Amino acid sequence: MEDYKFLFKVVLIGNAGVGKTCLVRRFTQGLFPPGQGATIGVDFMIKTVEIEGEKIKLQIWDTAGQERFRSITQSYYRSAHALILVYDISSQPTFDCLPDWLREIEQYASCKVLRVLVGNKTDREDRELPTHVGEEFAHRHNMYFIETSAKEADNVEKLFIEIAKELTQDSKVGDLSPQDVSNVPLPPTRETRSEFPCCSRWMSSSSSAT
Amino acid sequence: MAQGEKHHLSNSKLNDVDEYGFERPSDFRYESYEEFMSKYLTVLTRRARKWSHLLGAKETVGRGIKVKRYIRKGIPLVHRGKMWMEVSGARKKMEAHPGYYKSLQDLPLNEDLMECIRVDIPRTFPDNIYFRDYKEGKLGSLKNVLVAFSNHNKEIGYCQGLNYIAGLLLIITKNEECAFWLFDVLTTDLLPQYYTPDMVGVLTDIRVLESIVKERAPLIWKHVAHYGITWDLLATKWFICLFAEVLPIETVLRIWDCLFYEGNKVLMRVAVTLVVCNQEKILMSQEFVDIIHCFKTITKDADAINCHTFIENVFRVSGSFPRARLAKLREECEAQVKAEKDKETRGKPAAYQYHNNTDYTETLKISKKYKYQKEIGGNWRKFNSRGMADDDYFDWSDDEDDIICTSKYISSDEEDFSFPIKPTSKRSNASNKATDDQNDFEREMASELSMTVQHLAASFAKKKPQNSSTNTLAIEAKDKDKKKTEEGDAKFYDDVYFDSDDSEEEATESSSRRVMSNDELLYDPTLDDKDQAWVDNKRRSYQPIQKRGMKRGGKSSSRSSLPQSDAVLNCPACLTTLCMDCQRHEIYHNQYRAMFVFNCSIDKSESLRFPSKIQKKKEYFRNKKKKKLQQGETDSEQDSRQDQFMNLVPVSDDSAGTEISQPESPNEGTGTTRDTASPAVTAPEASSSTGCEGDELYHSVNCKICNTKVAVYDKDEVYHFFNVVTSY
């Protein structure tokens with residue numbers, strides 16, 4: 001049995017083609033494959049990170065983006081500790097769908113789930129969505145916000161490390177020890193979140209998260 | 001053509017890109033692939049030759065057991081696209097709608113849908129060199145096909161995963177319009193509700209797979225459930241992509257060959273085979289992550305690459321797989337899926353129906369009306385693909401590719417493709433109706449294996465017979481022994497599988513090809529054929545003479561072919577073959593009845609009596625039908641019974657030179673009475689004969705070799721096997 005202090009379940013959602021799989025592969029394998037096939041159904045990867053000397057295992061669930069796959073992916077939201085909602089900064093439609101995704105989250109995820117909005121593909125030159133638009137949206141909906149580039153490995157590590165940190169902190173505060181994911185019906189409590197919509201913190205802090 | 005393909009393939013194996021344009025992954029194991037290819041090339045060459053022979057100058061093939069077997073053994077690449085078009089009915093559709101495909105492309109498409117397609121096109125087979133370019137490559141064609149289809153089928157529009165399917169169709173057909181019509185056949189006829197917005201079809205089939213696994217490999221099911229893994233996580237992609245992007249390309253194409261010809265059942269067979277064949281690996285994975293990883297690796301390992309053996313396993317391992325059973329399972333699972341959906345999203349219309357979910361009796365009724373079937377064609381044909389087969393074929397087995405079929409598949413009856421009326425067809429249909437028809441052998445083997453894994457040796461030992469020579473061996477040794485036997489069986493199938501249809505051609509071509517001596521080959525290539533011929537001959541000898549040569553549909557043939565047998569029965573202790581022609585019990589699936597047996601001895605000293613009251617109600621109706629036969633019973637009971645069995649099971653006097661222990665006329669009313677009869681006796685379906693007015697009398701039957709009790713013998717000279725190991 002692998003040794004770890006906490007195990008957290010992180011689920012990535014968002015429209016098709018925004019780069020969910022690339023974010024996961026960049027983080028777990030350090031790869032950005034030039035061609036990445038469309039994800040069908042749900043995929044799963046795992047990575048152990050170290051936060052303040054403690055091993056934290058992240059179970060990362062990558063989902064298919066198309067709406068009709070939601071009937072399959074929904075069941076994975078429920079037990080998630082963190083949800084990463086991804087859009088493509090070079091594609092307005094992927095941003096316009098965010099309210100739909102939020103409704104999904106409201107309906108199927110725990111209300112206490114850690115929610116992170118990610119604007120991916122910052123390497124693209126045809127940006128359609130300025131950073132502040134995403135930031136404002138995240139702020140309005142009580143989410144964390146970060147912009148990433150899976151291709152350039154920008155902020156990807158940080159995204160997951162910050163999530164791991166937050167969840168660890170919450171677990172300690174909430175006196176929860178989610179060692180076994182199957183026995184964790186609810187994610188750690190996040191009472192203080194509304195007071196600290198930490199998007200600015202994430203955006204400004206240095207990228208050396210480890 | 002064959003030569004060209006061979007040349008093409010043998011060249012491609014040295015390249016970084018395969019013959020379909022897929023780049024070999026960096027960790028591609030060239031050595032093991034070459035090893036497989038060197039063998040497979042021989043098969044391909046032979047198949048190419050056979051197919052050329054089959055097709056001759058024709059462009060098309062009909063339907064029938066021979067074509068089916070040919071297709072299961074793989075359509076040569078040169079014929080593949082055309083054959084898919086033919087056997088799936090896509091060509092007819094295409095010809096019925098000239099210019100339709102072109103017209104679809106000019107229609108405007110909903111922007112959201114267009115965006116979905118646009119996003120997925122460059123994400124189709126990124127590892128294929130043909131899918132990198134719009135102008136020179138196939139991306140433009142892929143877009144055309146997907147857009148046209150979205151306009152054509154508004155309900156489906158576009159579903160992620162379809163890009164892979166259309167892509168592969170383009171690779172094979174190299175023609176947009178053909179790909180489009182095949183795509184249409186797949187998504188609307190073969191796999192209804194798979195790609196619709198609610199995806200009920202896929203969700204249903206995932207559940208069906210789960211319940212089959214639960215039944216056939218309960219340990220895997222428990223194991224997976226224990227780690228909180230749901231089957232949609234494991235198998236969604238399998239079903240949505242029809243194993244494209246899941247299994248190795250060659251294997252996928254072989255599966256699709258069967259899919260287009262036989263219908264969607266093959267997908268479930270493949271899924272079950274993947275799970276069951278990898279039981280050990282799955283059970284060895286002791287962590288959530290490992291199990292998920294394991295399910296990914298089993299689709300890429302050497303077993304999956306070796307497509308020829310893989311496909312063979314698909315039909316062998318998944319065993320009996322009656323359509324009726326599948327339809328029933330689907331019905332149940334679909335109800336569950338819908339109930340859950342309704343719970344979540346109330347008010348959504350639940351108007352989705354599997355075509356094959358129609359009441360089974362209804363289906364049966366229709367499937368019997370072949371002419372009507374022919375007319376309606378279309379969907380029905382897909383879901384009762386028996387309808388496509390010739391009349392006799394269809395009449396005598398409702399489920400064309402069950403065990404029955406497996407044995408047909410294996411047997412070398414090349415020259416004989418029309419079948420006599422099967423004397424037992426009624427019963428066969430009835431037994432297919434059984435709700436719980438599954439492959440006991442597989443189940444037994446699976447549980448045995450599981451037991452080994454869990455070291456539950458003690459309970460296992462109980463099953464072992466007393467006088468067996470093996471009972472002195474350690475349990476592990478026994479297990480090994482059994483596995484060995486299984487492997488032995490597999491090898492036997494293997495050879496027949498490869499060579500069964502070769503004998504006659506081998507002879508004609510010997511002049512052009514040097515015939516190697518058996519010493520050079522290190523085996524006798526004709527040995528299996530000879531063995532098979534012996535077995536066939538033997539079994540043919542059971543056939544009543546008047547049935548021989550009698551054909552339905554006016555087909556003439558000098559030789560009659562064999563009736564189906566539900567299994568080959570072997571002694572559970574010494575694995576001696578006991579019977580090759582038997583019928584499985586409708587309800588008690590580990591029970592078989594037969595009239596012609598080997599290596600069996602009837603123990604007349606032991607008589608078992610069974611009160612027939614329970615049976616009476618059941619038999620009332622049956623007997624009603626058989627009034628005629630019952631009339632003359634009192635006088636010559638023995639004779640009339642024989643007459644009756646002429647109707648049910650063929651009777652033969654010819655047993656000379658065989659190992660059959662000729663049954664003597666049973667001495668009724670003698671011997672001690674025993675109420676503790678075996679369970680077999682509690683429901684002797686076969687004894688639904690006349691003359692069960694009084695108590696039923698049985699003698700116990702032992703294996704001649706090891707004296708294990710294997711069956712009971714009734715006064716009608718029918719053997720009822722209850723303690724046997726089955727093989728096919």
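Helices here are DSSP runs of H or I of at least four residues, numbered from the N terminus. With that convention, helix 12 of chain B is followed by Gly228(B), whose phi is positive, near 70°. The model is predicted, and the exercises below work through selected parts of it.

**Exercise 1. Helix 12 of chain B and its surroundings**

Determine which residues of helix 12 of chain B are buried, and how they are arranged when seen down the helix axis.

Solution. Begin with the cut-off, by which a residue is buried under 20% relative accessible area and exposed over 50%. In helix 12, which spans residues 218-226 of chain B, the buried residues are Leu219(B), Ile220(B), His223(B) and Val224(B). Viewed down the axis of helix 12 of chain B, these buried residues fall within an arc of 130°, and therefore they line one face of the helix. The general geometry is helpful at this step, because an α-helix has 3.6 residues a turn, so residues three or four places apart point the same way. On the face turned away from the buried side, helix 12 of chain B carries the exposed residues Lys222(B) and His226(B).

Next, turn to Trp231(B), which is found in helix 13 (residues 231-240) of chain B. Trp231(B) counts as buried, because its relative accessibility is 3%. Its contacts, leaving aside residues up to four places away in sequence, include Ile220(B) and Val224(B), both of which are among the buried residues of helix 12 of chain B. Trp231(B) also touches Ile206(B), Leu209(B), Val275(B) and Phe295(B), among others. Along the chain, Trp231(B) and Arg207(B) are 24 residues apart, while their C-alpha atoms are separated by 7.5 Å.

**Exercise 2. Strand 3 of chain A and its partners**

Work out with which strands strand 3 of chain A pairs, and in which sense, parallel or antiparallel.

Solution. Strand 1 (residues 6-14) of chain A pairs with strand 3 of chain A in the parallel sense, over 7 bridges, and within strand 3 the bridge partner of Val11(A) is Trp61(A). Strand 2 (residues 42-51) of chain A is joined to strand 3 of chain A by 10 bridges, and these two strands run antiparallel; here Ile46(A) has Gln59(A) as its bridge partner in strand 3. Strands 2 and 3 of chain A form a hairpin with 2 residues between them, and in the turn Glu52(A) has a positive phi of about 50°. As for burial, 9 of the 10 residues of strand 3 (residues 54-63) of chain A are buried, so this strand is largely enclosed by the rest of the structure.

**Exercise 3. The open sheet and a hairpin in chain B**

Establish which strands stand at the edges of the 3-stranded open sheet of chain B.

Solution. The sheet has the strand order 2-1-9, with antiparallel pairing. Strand 2 (577-579) and strand 9 (725-727) of chain B stand at the edges, each with a single partner strand, so one side of each is left without a neighbour in the sheet. From one strand to the next, the twist averages 40°. Strand 1 (residues 568-570) of chain B pairs with strand 9 of chain B in the antiparallel sense over 3 bridges, and Leu569(B) stands opposite Thr726(B) in strand 9.

A further antiparallel pairing in chain B joins strand 7 to strand 8 (residues 719-721) over 3 bridges, with His720(B) in strand 8 as the bridge partner of Val712(B). These two strands of chain B form a hairpin with 4 residues between them, and Glu717(B) in the turn has a positive phi of about 65°. Strand 7 (residues 709-714) of chain B is largely enclosed by the rest of the structure, because 5 of its 6 residues are buried.

**Exercise 4. Cysteines and disulfides**

Find how many disulfides the whole structure contains, and how far Cys579(B) is from the nearest cysteine sulfur.

Solution. A search of the whole structure finds 0 disulfides over all chains. For Cys579(B), which is in no disulfide, the nearest cysteine sulfur is that of Cys582(B), 4.7 Å away; the cut-off for a disulfide is a pair of cysteine sulfur atoms within 2.5 Å. Cys579(B) counts as buried, because its relative accessibility is 0%, whereas Cys111(A) is exposed, with a relative accessible area of 69%.

Key: Residues numbered from 1 in each chain as written. Chains lettered and ligands numbered in written order. Predicted model: local features only at pLDDT ≥ 70, side-chain atom pairs only at ≥ 80, totals over all residues. Heavy atoms only, no water. Buried < 20%, exposed > 50% of the residue type's maximum accessible area, 1.4 Å probe, protein only. Pairing = 2+ DSSP bridges. Axes fitted to C-alpha atoms, helices over the stretch in contact; angles between N-to-C directions. Arc of directions from axis to C-beta. Contact = heavy atoms within 4.5 Å.
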